[in-house]
Amino acid sequence: MAEKEYLTHTFEPVFDGQSRVLILGTFPSVKSREQNFYYGHPQNRFWRVLAALTGEPVPAGIEEKKALLHRRHIALWDVIAGCTITGSSDASIRDAVPNDVGRVLAAAPIRGIFANGAKAYELYRKYLAPATGRDAVRLPSTSPANAACSLQELCAAWSAVAELIS
């Protein structure tokens with residue numbers, strides 16, 4: 001059993017001056033923290049969903065993932081900069097300190113903010129919406145913990161992202 005520990009987010013957001021969509025997760029999983037990049041668990045369907053929505057191959061390494069995000073004008077970050085967490089469990093998040101998404105919003109013409117899962121949406125509404133004055137769209141989580149949602153169902157729900165990046 002993993003222990004509760006206070007952790008800080010160790011990698012930067014991915015964005016540039018052309019980013020039109022901001023996708024926010026909660027906090028990096030254990031696998032993502034090991035790889036030092038977003039959605040690193042092999043069973044997380046995030047990269048497969050993005051590939052399906054964009055018609056591109058599933059990116060393999062970090063540089064390919066960053067290139068896909070930049071080509072498609074997608075900014076990627078997490079709501080939480082630091083928290084007490086047990087393993088990768090979003091439900092265990094306590095003592096949350098939010099990231100300053102204002103720096104992304106100030107640097108890029110973001111048309112839509114999307115939360116990857118219910119917990120990311122809940123945390124965005126609690127910590128970031130008051131500061132940004134912008135709402136986010138709640139999308140079903142790409143996490144392997146959301147096994148009830150098929151890849152096809154995820155792609156259908158996530159099509160709102162595709163509309164803003166095509």
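## Pocket, ring cluster and helix α3

The largest pocket has a lining of 26 residues, and those nearest its centre are Thr-26, Asn-44, Asp-90, Ser-141 and Ser-143. Keep in mind that this is a predicted model. Besides the pocket, there's a cluster of aromatic rings to look at, built from ring pairs that link Phe-11, Phe-37, Tyr-38, Tyr-39, Phe-46, Trp-47 and Trp-158. Helix α3, residues 62-71, rounds things off, with Lys-65, Leu-68 and Leu-69 as its buried residues.

**The largest pocket**

- The space in the largest pocket comes to about 510 Å³.
- Two elements, α1 and α5 (118-132), each give two or more residues to the lining of this pocket.
- Sorted by type, the lining of the largest pocket holds 13 polar residues, nine nonpolar ones and four charged ones.

**The aromatic rings**

- How many aromatic pairs are there? The count comes to six.
- One of the pairs is Phe-11 with Tyr-38, which sit edge-to-face with 4.7 Å from centre to centre and 80° between the planes.
- That pair ties together distant parts of the chain: Phe-11 is in the loop between β1 (4-8) and β2 (21-25), while Tyr-38 is in the loop between α1 (30-35) and α2, 27 residues apart.
- Are Phe-11 and Tyr-38 buried or exposed? Phe-11 has a relative accessible area of 8%, so it counts as buried, the cut-off being under 20%. Tyr-38 is at 2% relative accessibility, so Tyr-38 is buried too.
- Tyr-38 also pairs with Phe-37: the ring centres are 5.3 Å apart and the planes stand at 75°, so this pair is edge-to-face, a label that takes an angle over 60 degrees.
- Like Tyr-38, Phe-37 is buried.

**Helix α3**

- Which side of α3 do the buried residues take up? Lys-65, Leu-68 and Leu-69 are the buried ones. They cover an arc of only 100° around the axis, so they lie on the same side of α3.
- The background is simple helix geometry: an α-helix has 3.6 residues a turn, so residues three or four places apart point the same way.
- What covers the buried residues of α3? The cover includes α2 (46-54) and β3 (74-78).
- After α3 comes His-73, which has a positive phi, near 60°.

Notes
Residues are numbered from 1 along each chain as its sequence is written. This is a predicted model: local features need pLDDT of at least 70, side-chain atom pairs count only at pLDDT 80 or more; totals for chains, interfaces and linings use all residues. Side-chain values use heavy atoms; hydrogens and water are left out. Buried means under 20% relative accessible area, exposed over 50%, partly exposed in between (1.4 Å probe, protein chains only). Helices (H or I, at least four residues) and strands (E, at least two) are DSSP runs, numbered from the N terminus. The arc is that of the directions from the helix axis to the C-beta atoms. Contact means heavy atoms within 4.5 Å. Rings of Phe, Tyr and Trp (its six-membered ring) pair if their centres lie within 6.5 Å; planes under 30 degrees apart count as stacked, over 60 as edge-to-face and the rest as tilted. On a 1 Å grid over the protein atoms alone, a cavity is a set of points where a 1.4 Å probe fits but cannot get out, and a pocket is an open set with protein on both sides within 12 Å along at least five of seven lines; lining residues have an atom within 4 Å of a point. Grid points are joined across faces, edges and corners, and a volume is the space filled by probe spheres set on the points. Ala, Val, Leu, Ile, Met, Phe, Trp, Tyr, Cys and Pro count as nonpolar, Asp, Glu, Lys and Arg as charged, and the others, Gly among them, as polar.
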